[in-house]
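Trainee: Can we go through this model by asking what justifies each label? I'd like to see the reasoning behind the words.

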Amino acid sequence: MIGRIRGTLVYKQPPDILVDVAGVGYEVQVPMSTLFQLPGLGADVTLLTHFVVREDAQLLYGFIDERDRALFRQLIKVTGVGPKLALTILSGMDATQFARCVQHDDLSSLVALPGVGKKTAERLLVEMRDKLKSWLGQLADGTAPAMAGAGFSRPTDHVADAEDALVTLGYKPAEASRMVAAVNDDGIDSSEELIRRALKAVVSR
């Protein structure tokens, strides 16, 4: 089991990043809650990881926050929730925000995430309630951890990058375009900021 990696961040295009560890490049998939907190390319980064072995692939998932990794590991134990959907959930909300959804039986915020239907959302609320009791008791003033954008270094269209990232997370192309267009102010020149605003708008509907 690979539980943690530390190295140089050499590539990031959500949800994929590449970390160089002593000359070995580790391909890691990260949720947006982690990607928003990553440093710029060329900087050192430390990630907590979860290693998944399938018949057709070996996949590594990375997290900045231990609570996000712990939630990811609990989510993939829920019937009908695999690593891809768990990553999508953690891209729409971090562990603290998810805990609040459970606390308030907030079905609508979960259903707003791609791939989460009503039955899956109901199952998540029921199965995760007991698992999150310790977290729910620690929630304080209702503020979620701040997520700082680091910006992309690829010299490509930031709007197209944002749309591609949302499609990768499970949104349909037309829906991704609408989401980005709805939050695309003239002053935004970062695909990462567009993604953050688009996901925030979906959850807050």
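Trainee: Which residues is Thr88 in contact with, once its neighbours within four places in sequence are left aside?

Mentor: Pro114 and Leu169. Keep in mind that this is a predicted model.

Trainee: What makes Thr88 buried?

Mentor: Its relative accessible area is 6%, and buried means under 20%, so Thr88 counts as buried. Thr88 is found in helix H3, residues 83–92.

Trainee: How do you know that H3 is largely enclosed by the rest of the structure?

Mentor: Eight of the 10 residues of H3 are buried, so the label follows. Among them are Leu85, Ile89 and Gly92, along with Thr88 itself.

Trainee: What is Phe98 in contact with, leaving aside its neighbours within four places in sequence?

Mentor: Leu71, Leu75, Ile89, Met93, Leu110, Met128 and Leu132. Phe98 and Leu166 are the residues with the most contacts inside the largest nonpolar core, which has 56 residues. As a general point, nonpolar side chains tend to be buried together in soluble globular proteins.

Trainee: Why are H4 and H6 called roughly perpendicular?

Mentor: Helix H4 (residues 95–103) and helix H6 (residues 118–131) pack at an angle of about 105 degrees. The range for roughly perpendicular is 65 to 115 degrees, so the pair gets that name. Their axes are 9 Å apart.

Trainee: Which residues make that contact?

Mentor: Phe98, Cys101 and Val102 do it from H4, and Leu125, Met128 and Arg129 from H6. By class, that is five nonpolar residues, no polar ones and one charged.

Trainee: What makes Ala162 buried?

Mentor: Its relative accessible area is 0%. Set that against the cut-off of under 20%, and Ala162 is buried. Ala162 sits in helix H8, residues 158–168.

Trainee: What is Ala162 in contact with beyond its neighbours within four places in sequence?

Mentor: Val180, Ser191, Leu194 and Ile195. Take Ser191: it is 29 residues from Ala162 along the chain, yet their C-alpha atoms are separated by 4.9 Å.

Trainee: How much of the contact in the chain is long-range like that, joining residues at least 24 apart?

Mentor: Among contacts between residues at least 6 apart in sequence, 61% join residues at least 24 apart. The chain has 10 helices and five strands, and buried residues make up 42% of its 205 residues.

Trainee: What makes strand E5 largely enclosed?

Mentor: Five of the six residues of E5 (residues 58–63) are buried, so the rest of the structure largely encloses the strand.

Trainee: How do you know that E4 and E5 pair?

Mentor: Pairing takes at least two bridges, and strand E4 (residues 44–53) has six with E5, in the antiparallel sense. In one of these, Thr49 has Gly62 of E5 as its bridge partner. A hairpin of four residues joins E4 to E5.

Trainee: And what about E2 and E3, how many bridges join them?

Mentor: Six bridges, with the strands running antiparallel. Against the cut-off of at least two, E2 and E3 count as a pair. Asp20 stands opposite Gly25 in E3.

Trainee: What makes Ala22 in that hairpin worth a look?

Mentor: The hairpin has two residues between the strands, and Ala22 takes a positive phi near 55 degrees. Most residues other than glycine have a negative phi.

Trainee: Why is Ala22 called exposed?

Mentor: Its relative accessibility is 79%, and exposed means over 50%, so the label holds.

Trainee: Why does Asp105 count as partly exposed instead?

Mentor: Asp105 comes in at 45% relative accessibility. Buried is under 20% and exposed over 50%, with partly exposed in between, so Asp105 gets the middle label. Asp105 lies in the loop between H4 and helix H5 (107–111), and its phi is positive too, about 50 degrees, although it is not a glycine.

Trainee: One last label: what makes the peptide bond between Pro14 and Pro15 cis?

Mentor: Omega is about 5 degrees there. Pro15 is in the loop between strand E1 (4–13) and strand E2 (16–21). In general, most peptide bonds are trans.

How values were computed: Residues are numbered from 1 along each chain as its sequence is written. This is a predicted model: local features need pLDDT of at least 70, side-chain atom pairs count only at pLDDT 80 or more; totals for chains, interfaces and linings use all residues. Side-chain values use heavy atoms; hydrogens and water are left out. Axes are lines fitted to C-alpha atoms, for helices over the stretch in contact, and angles run from 0 to 180 degrees between N-to-C directions. Angles under 35 degrees count as roughly parallel, over 145 as roughly antiparallel, 65 to 115 as roughly perpendicular and the rest as oblique. Contact means heavy atoms within 4.5 Å. Ala, Val, Leu, Ile, Met, Phe, Trp, Tyr, Cys and Pro count as nonpolar, Asp, Glu, Lys and Arg as charged, and the others, Gly among them, as polar. A nonpolar core is a set of buried Ala, Val, Leu, Ile, Met, Phe, Trp, Tyr and Cys residues joined through side-chain atoms within 4.5 Å. Buried means under 20% relative accessible area, exposed over 50%, partly exposed in between (1.4 Å probe, protein chains only).
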